[in-house]
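Student: I have a chain in front of me and would like to learn how to read its features one by one. Could you guide me through them?

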Amino acid sequence: MLDVRRLLLLREVAARGTLAAAAEALSYSPSHVSQQLTLLAKEAGAPLLRRSGRRVVLTAEAEELVAAAGEVLDVLERASARVAVTSRERGGGPLAPLTGRVRLAVFQSAALALVPGALRQLAVEHPGLRVEVVQAEPGAALESAALRAEASRARDFDLVVAEEYPAHSRPHLPGLARTELVRDPLRLALPPEHLAPDVHDLADLASGLPWVAEPEGTASRDFTEQTCRTSGFEPDVRFTSADLQTHLRLVETGCAVAVLPDLVHAGRQTTARLVELPGQPRRTVFAAQRAAASGQPALAVVVAALRAQAGPPT
């Protein structure tokens with residue numbers, strides 16, 4: 001019978017591309033990884049790796065084993081979730097606080113608006129639960145090894161908080177389950193001294209003014225440009241930044257206008273003038289996790305804490 005730990009080690013090598021990278025990710029030595037994969041090749045009765053420069057390439061037999069390793073890992077995760085639920089509910093009394101670790105990837109505005117309050121809530125309700133947070137670009141995090149259920153990826157995160165702009169849906173990757181956290185209003189943000197308070201036509205308000213936007217190719221940049229174009233003008237983008245806090249600061253100091261989500265200024269008063277956009281568009285902020293792990297109580301309480309910070313559904 002094939003050794004499951006060696007199968008998962010092969011899966012990690014497939015995701016990382018080199019024995020050294022897989023060894024570093026798992027806190028092993030490269031020689032240990034090499035030895036274990038040699039033993040796995042003997043168990044399988046077929047060669048598994050061949051060198052290609054500094055990287056290794058999987059044989060067809062190894063690809064089959066990597067796919068099987070992903071299926072095994074999903075089965076083990078589902079079993080672990082069922083055991084955790086049974087153990088937590090056993091006894092019929094009040095549920096005990098949870099322990100363990102949850103690895104969370106989250107983009108900037110959600111990190112600022114949702115995560116601090118969620119961590120405070122979890123520290124009170126589940127003081128033994130360790131939540132590790134990494135700020136990450138949503139698309140990269142969703143496609144990362146953490147959540148992608150395909151066998152050729154490792155798993156770096158347990159939970160990813162991501163966003164979708166109107167008409168710019170994130171890919172629905174196989175093996176992922178989503179939970180909506182909040183539908184975040186998108187508004188035109190104008191400098192405090194901007195005139196024409198009774199004008200709500202986007203072209204009259206913002207045409208000819210300097211704009212700040214995210215880099216080209218991002219969903220928010222595409223949404224901003226399309227919103228302006230459907231109103232009859234091209235935005236004069238003079239400032240480009242992936243940091244929405246920078247956008248807000250440029251607006252508040254009178255240097256630019258922007259389309260901004262409400263979460264950017266959540267929890268504090270902004271001096272920017274906020275104007276509704278045509279159709280009152282909203283971006284969707286959601287949490288994604290591997291479907292096989294979706295029954296884990298620890299993940300459920302983290303998602304619930306994030307939703308509590310987002311407020312009631314809108």
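Tutor: Let us begin with one acidic residue: E234 has a relative accessibility of 48%, which makes it partly exposed, and please keep in mind throughout that this is a predicted model.

Student: Which residue forms a salt bridge with E234?

Tutor: The partner is R229, and the closest N and O atoms of the two are 2.7 Å apart. R229 is likewise described as partly exposed, at a relative accessible area of 37%. The pair also belongs to a wider arrangement, in which salt bridges with shared partners join E216, R221, E225, R229 and E234 into one network.

Student: How many salt bridges does the structure hold, and which residue meets R290 in one of them?

Tutor: The structure holds 18 salt bridges. In one of them the side chain of R290 meets that of D158, with 3.7 Å from N to O. R290 belongs to strand β11 (residues 282-290), whereas D158 sits in the loop between α7 (138-143) and β5 (159-164), so this pair ties together parts that are 132 residues apart in sequence.

Student: Are R290 and D158 buried or exposed?

Tutor: Buried is taken here as under 20% relative accessible area. R290, at 4%, is therefore buried, and D158, at 13%, also counts as buried.

Student: Which residue pairs with R178 in a salt bridge?

Tutor: R178 forms its salt bridge with E164, and their closest N and O atoms are 2.7 Å apart. Because R178 lies in strand β6 (residues 176-190) and E164 in strand β5, the pair ties together parts that are 14 residues apart in sequence. The two ends differ in their surroundings, since R178 counts as partly exposed at 30% relative accessibility, while E164 counts as buried at 14%.

Student: What should I look for when a helix lies between two strands?

Tutor: One looks at how the strands pair and at the handedness of the path that joins them. In this model, strand β7 (residues 210-213) and strand β8 (residues 236-240) pair in the parallel sense over 4 bridges, and within that pairing W211 has V237 of β8 as its bridge partner. Together with helix α9 (residues 219-230), β7 and β8 make a right-handed β-α-β unit.

Student: At what angle do helix α1 and helix α3 pack?

Tutor: Helix α1 (residues 4-16) and helix α3 (residues 30-44) pack at about 115 degrees, and their axes are 9 Å apart. The crossing of α1 past α3 is left-handed. The contact is made by R6, L7, L9, L10 and V13 from α1, together with V33, Q36, L37, L39, L40 and E43 from α3.

Student: What is there to notice in the backbone angle phi?

Tutor: Most residues other than glycine have a negative phi. A167 is not a glycine, yet its phi is positive, at about 65 degrees. This residue, A167, lies in the loop between β5 and β6 and is exposed, with a relative accessible area of 82%. Q280 also has a positive phi, near 50 degrees, and is found in the loop between β10 (273-276) and β11.

Student: How many helices and strands are in the chain, and what percentage of its residues count as buried?

Tutor: The chain has 11 helices and 11 strands, and 47% of its 314 residues count as buried. Among contacts with a separation of 6 or more, 75% are between residues 24 or more positions apart.

Note on methods:
Residues are numbered from 1 along each chain as its sequence is written. This is a predicted model: local features need pLDDT of at least 70, side-chain atom pairs count only at pLDDT 80 or more; totals for chains, interfaces and linings use all residues. Side-chain values use heavy atoms; hydrogens and water are left out. Two strands pair if DSSP finds at least two bridges between them. A crossover is right-handed if, with the strands pointing away from the viewer, the path from the first strand over the helix to the second runs clockwise. A salt bridge is a side-chain nitrogen of Lys or Arg within 4 Å of a carboxyl oxygen of Asp or Glu. Buried means under 20% relative accessible area, exposed over 50%, partly exposed in between (1.4 Å probe, protein chains only). Axes are lines fitted to C-alpha atoms, for helices over the stretch in contact, and angles run from 0 to 180 degrees between N-to-C directions. A crossing is left-handed if the near helix is turned anticlockwise from the far one by less than a right angle, and right-handed if clockwise. Contact means heavy atoms within 4.5 Å.
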